[in-house]
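Visitor: Please take me closely through one part of this model, and define each term with its cut-offs when you use it.

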Amino acid sequence: MALRLIQTGCSKQDQVDTYGMTALILACGNEMSDVALRLIQTGGSKPDQVNNDGDTALIWACKILSMNRLSFSLRIIEYLLNNFQNIS
């Protein structure tokens, strides 16, 4: 469902919830690698945007990595690090 919304341009990728969470941060925090990659590749998401705690999508992907979910985390972490030099 999320991928279909992104493909049709219905996603408000830059909106944040009350915690400052974006669609990209939520995708990274919920192991939705296809959604996270599509959000980044469509150019509508800002990988360096921080939530209210100062965490980026990369930090959330690393949090998932620390919970032993390697296949998801490594894919997203590698993509973010290879494509965005200023991300923290």
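Guide: Contact here means heavy atoms within 4.5 Å. Not counting residues up to four places away in sequence, Tyr-19 touches Asn-51 and Asn-52, and that pairing is the starting point for the region I would like to follow. This is a predicted model, in which local features need pLDDT of at least 70 and side-chain atom pairs pLDDT 80 or more, while totals for chains, interfaces and linings use all residues. Residues are numbered from 1 along each chain as its sequence is written, and side-chain values use heavy atoms, without hydrogens or water.

As background, the protein chain has 5 helices and 0 strands (DSSP runs numbered from the N terminus: H or I of at least four residues for helices, E of at least two for strands). Read along the sequence, these give the pattern α-α-α-α-α. Tyr-19 lies in the loop between helix H1 (2–7) and H2, and Gly-20 is found in that loop between H1 and H2 as well. The two neighbours contrast in their surroundings: Tyr-19 counts as exposed because its relative accessible area is 58%, whereas Gly-20 counts as buried because its relative accessibility is 5% (buried is under 20% relative accessible area, exposed over 50%, partly exposed in between, with a 1.4 Å probe and protein chains only). Across the chain as a whole, buried residues make up 35% of the 88 residues.

Gly-20 has contacts with Ile-25, Val-50, Asn-51 and Asn-52 once neighbours within four places in sequence are left aside, so that Asn-51 and Asn-52 appear both in this list and among the residues that Tyr-19 touches. The C-alpha atoms give a further view of how this loop lies against a later stretch of the chain: Gly-20 and Val-50 are 30 residues apart along the chain with C-alpha atoms separated by 7.1 Å, while for Tyr-19 and Val-50, 31 residues apart in sequence, the C-alpha to C-alpha distance is 10.0 Å. Asp-53 belongs to the loop between H3 and H4, and its C-alpha atom is separated by 8.0 Å from that of Tyr-19, 34 residues away along the chain. Pairings over such sequence distances can be set beside a value for the chain: among contacts between residues at least 6 apart in sequence, 61% join residues at least 24 apart.

In the loop between helix H3 (33–41) and helix H4 (57–65) we also find Asp-55. Asp-53 counts as exposed because its relative accessibility is 66%, but Asp-55, at 12% relative accessibility, counts as buried. The side chain of Asp-55 makes a polar contact of 2.8 Å with the side chain of Lys-63 (N or O atoms within 3.5 Å, one able to donate a hydrogen and the other to accept it within protein, residues adjacent in sequence counting only if both atoms are side-chain atoms). Apart from neighbours within four places in sequence, the contacts of Asp-55 are Ile-25, Gln-49, Val-50, Trp-60 and Lys-63. Ile-25 and Val-50 thus occur in the list for Asp-55 and also in the list for Gly-20.

At the other end of this loop, just after H3, Gly-43 takes a positive phi of about 80°. Within H3, the buried residues are Ser-33, Val-35, Ala-36, Leu-37, Leu-39 and Ile-40. Arg-38, also found in H3, counts as partly exposed because its relative accessibility is 31%. Arg-38 and Leu-24 are 14 residues apart along the chain, and their C-alpha atoms are separated by 9.3 Å.

Leu-24 leads on to the largest nonpolar core, which has 16 residues, and of these Leu-24, Cys-28, Ala-36 and Ile-76 touch the most other members (a nonpolar core is a set of buried Ala, Val, Leu, Ile, Met, Phe, Trp, Tyr and Cys residues joined through side-chain atoms within 4.5 Å). Helix H2 (23–29), H3, H4 and helix H5 (70–83) are the elements that give two or more residues to this core, and H3 supplies the largest share, 5 residues. Beyond four places in sequence, Leu-24 itself is in contact with Ala-36, Leu-39 and Ile-40, and also with Ser-45, Lys-46, Pro-47 and Ala-57. Of these partners, Ala-36, Leu-39 and Ile-40 are among the buried residues of H3.
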